[in-house]
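Have your viewer ready and keep the selection box at hand. We will go from stop to stop, picking residues as we go.

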Amino acid sequence: MSERKVLNKYYPPDFDPAKIPKLKLPKDRQYVVRLMAPFNMRCKTCGEYIYKGKKFNARKETVQNESYLGLPIFRFYIKCTRCLAEITFKTDPENTDYTMEHGATRNFQAEKLLEEEEKRMQKEREEEELNNPMKVLENRTKDSKLEMEVLENLQELKELNQRQANVDFEAMLKQYKELEEEQRRREQEEDEQEMKAMLEQAQNRRLLEDSDSDEEPTKARPNPTAQSKPTDILQEDPQPQSKRPRMESWERSVGKLSTKAQLAGLVARRKEKEKEKEKADPALENGMETRGTTASTGSLPAAAAATSSLGLLGAYSDSEDSASD
């Protein structure tokens, strides 16, 4: 039984590979490949710019009857992204680059052509110098003369610029130093003014605080200069204001009992009455004397009773004042 995964095939002894028919394909056949634009280009039909690196599905074919040192040259066909016009370019193995063929123009082509021209001229000159030593001497003299001319032109340009500019570097430096000093002085003045303003604010704040602290105790303490004379204390009412309303109400209801003038008047009136009676009845002098003695003796207990009543009333008023305090 044969194996499932066969690696070798059976070749019969009469096998001849030359008898196998070959597939005949055209030499200019095309393949579809995926590539990126090798350089910046612009479509000739619509003017669309196609930048380097843009990807395309291109058709590739081999260029017939063209080669470089045995290397084949390939041609690529792409379509414009805007108008779908066909653009073709091919490889350039000699310069390791691509060349534009149809449908678009390569950007920055002039710079490349200039570089190529310079390279070509340099190459021709080197070939001439290898075969002709006199040519080398001529080229050196030409180069030295060209260098001298360039230096002279440069010097003339410098002198012309100096004449037109007329710049005095010393004056410019001096002016710059003056400006710098003035700016520094202005900054110092501004700093000083700011410091002065801050100090004034601090002093004003302290003065306000001190004035507030002085006003508070003056408001709390009475003014000692209000009493102009030392004898004004004696003229003040010794009784406090809280006691006055009670005394006034007591005086309204009962009357003033502490006055001595009224009592003196009462006693004086009694004596006057007795004198009138004595004048009215002179015949009874002896009896009046006895009556006067009896009246005087009788008036003593009455005066004692009055003084005792006055003392009781004064003690009662004092007790009420102490209770109110």
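Is R125 buried, partly exposed or exposed? Select R125: its relative accessibility is 28%, so this residue counts as partly exposed. Bear in mind throughout the tour that this is a predicted model.

Now add D143, which pairs with R125 in a salt bridge whose closest N and O atoms are 2.7 Å apart. The pair links distant parts of the chain, with D143 in helix α2 (residues 133-165) and R125 in helix α1, 18 residues apart. D143 is partly exposed too, at 36% relative accessibility.

Stay on helix α1 (residues 109-131) and select R120 and E117, which lie 3 residues apart, about one turn of the helix. Here a salt bridge brings the closest N and O atoms to 2.0 Å. R120 counts as partly exposed at 38%, and E117 does as well at 34%.

Next, pick R82 and E48, whose side chains form a salt bridge of 3.8 Å, N to O. R82 sits in the loop between β5 (71-79) and β6, while E48 is in the loop between β2 (41-43) and β3 (49-50), 34 residues away. R82 is exposed at 59% relative accessibility, whereas E48 is partly exposed at 24%.

For a buried stop, go to T91 in strand β6 (residues 86-92). Its relative accessibility is 18%, and the cut-off for buried is under 20%, so T91 counts as buried. Show its contacts, among them P72, F74 and Y98.

Finish on helix α3 (residues 169-220), where you will find E192. Together with E187, E190, D191 and E194, E192 forms a negative surface patch.

Definitions and conventions. Residues numbered from 1 in each chain as written. Predicted model: local features only at pLDDT ≥ 70, side-chain atom pairs only at ≥ 80, totals over all residues. Heavy atoms only, no water. Helix = DSSP H or I, 4+ residues; strand = E, 2+ residues; numbered from the N terminus. Buried < 20%, exposed > 50% of the residue type's maximum accessible area, 1.4 Å probe, protein only. Contact = heavy atoms within 4.5 Å. Patch = residues over 30% accessible without salt bridge, like charges linked within 9 Å, V, L, I, M, F, W, Y side chains within 5 Å. Areas by Shrake-Rupley, 256 points an atom, 1.4 Å probe, with all protein chains shown as cover. Salt bridge = Lys/Arg side-chain N within 4 Å of Asp/Glu carboxyl O. Lys, Arg positive; Asp, Glu negative; His and termini not counted. Charge placed at Lys NZ, Arg CZ, Asp CG, Glu CD. Lists of a residue's contacts leave out its neighbours within four places in sequence.
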